[in-house]
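Me: I would like a close look at one part of this model, with the reasoning spelled out.

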Amino acid sequence: MANEKNLKTPTTKQARERGKKGGQASAAARKRRKEMQEIAKIVLDMPVEPGEVTDLEGITFEDYPDVNLTVGELSVLAVAKKAKKGDVAALTFLRDTAGEKPAEKVEVSGDITAATEDIKEMIAAAKKKGNG
């Protein structure tokens, strides 16, 4: 059991400050995800012609000294390089990161009454088989 004297309840002001910090961190994370999505869209829209930006071989931080690329941005470029070579998983990742993942829909239809009757019949048959 915890020692009641050691348990401290935050004041309203402290709780508000913690909530504010959490909200700011959440907003920063959303911003980073949005930027990654935009970069993935740009990479997907790059033209594939000789001499264009699409030559992604050997890209490093040193290649872009005046651009502050993040590890995530470079990772998207590396995945694009794999996708360009025919890696379907890389292409799928890139498409999904760009926010272009097709919706997965499952359609459920049918006669519930008939399905219920079928289930009852299967249960009765199983019981009969178990007793016989």
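Is aspartate 96 buried, partly exposed or exposed, and what is its relative accessible area? Please also set this residue in the context of its neighbours and of the chain.

Reply: Since this is a predicted model, what follows describes computed geometry. Aspartate 96 has a relative accessible area of 27%, and because buried means under 20% and exposed means over 50%, this residue counts as partly exposed. Its side chain meets that of arginine 95 in a salt bridge, with 2.8 Å from N to O, and the count for the model comes to one salt bridge. Arginine 95, for its part, has a relative accessibility of 28%, so that this residue too is classed as partly exposed.

Arginine 95 also takes part in a contact between helices. Two packed helices are described by the distance between their axes and by the angle between them. For helix α1, which covers residues 12–44, and helix α3, which covers residues 88–97, the axes come within 8 Å and cross at roughly 125°. An angle of that kind lies above the 65 to 115 degrees that count as roughly perpendicular, yet is not over 145, where roughly antiparallel begins, and α1 and α3 are therefore oblique to each other. On the α3 side the contact is made by Leu91, Leu94, Arg95 and Thr97, while α1 contributes Met36, Gln37, Ala40, Val43 and Leu44.

As for the chain around this part, its secondary structure comes to four helices and zero strands, which read along the sequence as α-α-α-α. Of the contacts with a separation of 6 or more, 57% join residues that are 24 or more positions apart. Buried residues make up 14% of the 132 residues, and the chain exposes about 11,200 Å², of which carbon and sulfur atoms supply 56%.

One part of that surface is a nonpolar patch formed by Ile119, Met122 and Ile123, which together have about 300 Å² of accessible area. Isoleucine 119 lies in helix α4, residues 112–131, and its relative accessibility of 46% is the reason why this residue counts as partly exposed.

To return to the question, aspartate 96 is partly exposed, and its side chain is paired with that of arginine 95, a residue of α3 that helps to make the contact with α1.

Technical notes. Residues numbered from 1 in each chain as written. Predicted model: local features only at pLDDT ≥ 70, side-chain atom pairs only at ≥ 80, totals over all residues. Heavy atoms only, no water. Helix = DSSP H or I, 4+ residues; strand = E, 2+ residues; numbered from the N terminus. Buried < 20%, exposed > 50% of the residue type's maximum accessible area, 1.4 Å probe, protein only. Contact = heavy atoms within 4.5 Å. Areas by Shrake-Rupley, 256 points an atom, 1.4 Å probe, with all protein chains shown as cover. Patch = residues over 30% accessible without salt bridge, like charges linked within 9 Å, V, L, I, M, F, W, Y side chains within 5 Å. Salt bridge = Lys/Arg side-chain N within 4 Å of Asp/Glu carboxyl O. Axes fitted to C-alpha atoms, helices over the stretch in contact; angles between N-to-C directions. Parallel < 35°, antiparallel > 145°, perpendicular 65-115°, else oblique.
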